[in-house]
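Me: I would like to go through the reasoning behind some labels for this model, setting each value against its cut-off.

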Amino acid sequence: MKIITHVILTSCLFALAGCAEVNAQDKAQSKHDHFADISSVKPGAAVSLSHDYDGHTELGALETVTLSISHLYKSGMLSAAILPSSGLDIISDTTPQQTEISVGSVMQLYVQFSTLKSGAYNLNVEIIHEDRFGQQMRRTLSVPIMAGDVDMQKKSGFERAAANKVKSTGLIVLPAQEIIR
């Protein structure tokens with residue numbers, strides 16, 4: 001009689017464990033399905049920025065960059081304004097551009113700029129999405145602009161002098177200490 005009771009209890013426990021595992025899998029699947037549509041978790045407009053900038057600008061040269069703004073919205077208005085950092089001269093129109101969006105549409109901006117001073121700059125783009133109810137979501141994205149010899153500016157005075165000497169003579173001088181044993 002004890003053996004039959006143990007067998008029945010054991011089989012009930014296995015059945016309950018199997019039901020609990022199936023229930024846990026169902027909950028995990030429903031949780032996964034719930035978050036499947038969410039692709040942006042940062043606050044602000046759900047937009048991304050891509051560009052064709054090659055990463056280097058010659059001093060005084062006119063550089064043209066195409067900025068592509070993609071989004072995750074089904075409808076609304078998208079506006080973008082170019083906000084350059086100081087020292088970066090924007091030649092193209094900087095008034096905010098606005099367009100009505102649909103699923104999968106991409107907003108393109110053409111920006112022309114130049115600079116006369118070596119350094120690292122940012123070409124900032126403020127993007128605003130306005131839905132049909134008038135609610136706005138903003139995000140500012142930027143493209144890093146490298147003009148001239150940026151590496152030289154980061155070096156100390158001694159390093160700059162040494163680098164200029166190497167350029168002119170081809171001779172590399174390194175500090176050293178000799179230890180004789």
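The questions and replies below concern burial, strand pairing, contacts and an aromatic pair.

Reply: Before we start, note that this is a predicted model, in which local features need pLDDT of at least 70 and side-chain atom pairs count only at pLDDT 80 or more, while totals for chains, interfaces and linings use all residues. Residues are numbered from 1 along each chain as its sequence is written, and side-chain values use heavy atoms, with hydrogens and water left out.

Me: What makes β2 and β6 paired strands?

Reply: Strands here are DSSP runs of E with at least two residues, numbered from the N terminus, and two of them pair if DSSP finds at least two bridges between them. Strand β2 (residues 63-71) and strand β6 (residues 106-114) run antiparallel and are joined by eight bridges, so the pairing criterion is met. One of the bridge partners in β6 is Gln 108, which belongs to Ser 68.

Me: How do you know that β4 also pairs with β6?

Reply: Strand β4 (residues 89-90) is joined to β6 by two bridges, again in antiparallel fashion, and at least two are required. Ile 90 stands opposite Phe 113 in β6.

Me: Why is Val 65 called buried?

Reply: Buried means under 20% relative accessible area, exposed means over 50%, and partly exposed lies in between, with a 1.4 Å probe and protein chains only. Val 65, which is placed in strand β2, has 0% relative accessibility and therefore counts as buried. Contact means heavy atoms within 4.5 Å, and beyond four places in sequence Val 65 touches residues including Tyr 53, Leu 109 and Phe 113.

Me: Why does Thr 66 count as buried or exposed?

Reply: Thr 66, also in strand β2, has a relative accessible area of 17% and is therefore buried. Its C-alpha is 5.8 Å from that of Leu 109, although 43 residues separate the two in sequence, and Leu 109 is among the contacts of Thr 66.

Me: Why is the pair of Tyr 53 and Phe 113 called tilted?

Reply: Rings of Phe, Tyr and Trp (its six-membered ring) pair if their centres lie within 6.5 Å, and planes under 30 degrees apart count as stacked, over 60 as edge-to-face and the rest as tilted. The structure holds one aromatic pair. The ring centres of Tyr 53 and Phe 113 are 6.1 Å apart and their planes stand at 55°, so the pair is tilted. Tyr 53 lies in the loop between β1 (47-51) and β2, whereas Phe 113 lies in strand β6, 60 residues apart.

Me: What makes both ring residues buried?

Reply: Tyr 53 has 10% relative accessibility and so counts as buried, and Phe 113, at 0%, is buried as well.

Conventions. Helices (H or I, at least four residues) and strands (E, at least two) are DSSP runs, numbered from the N terminus.
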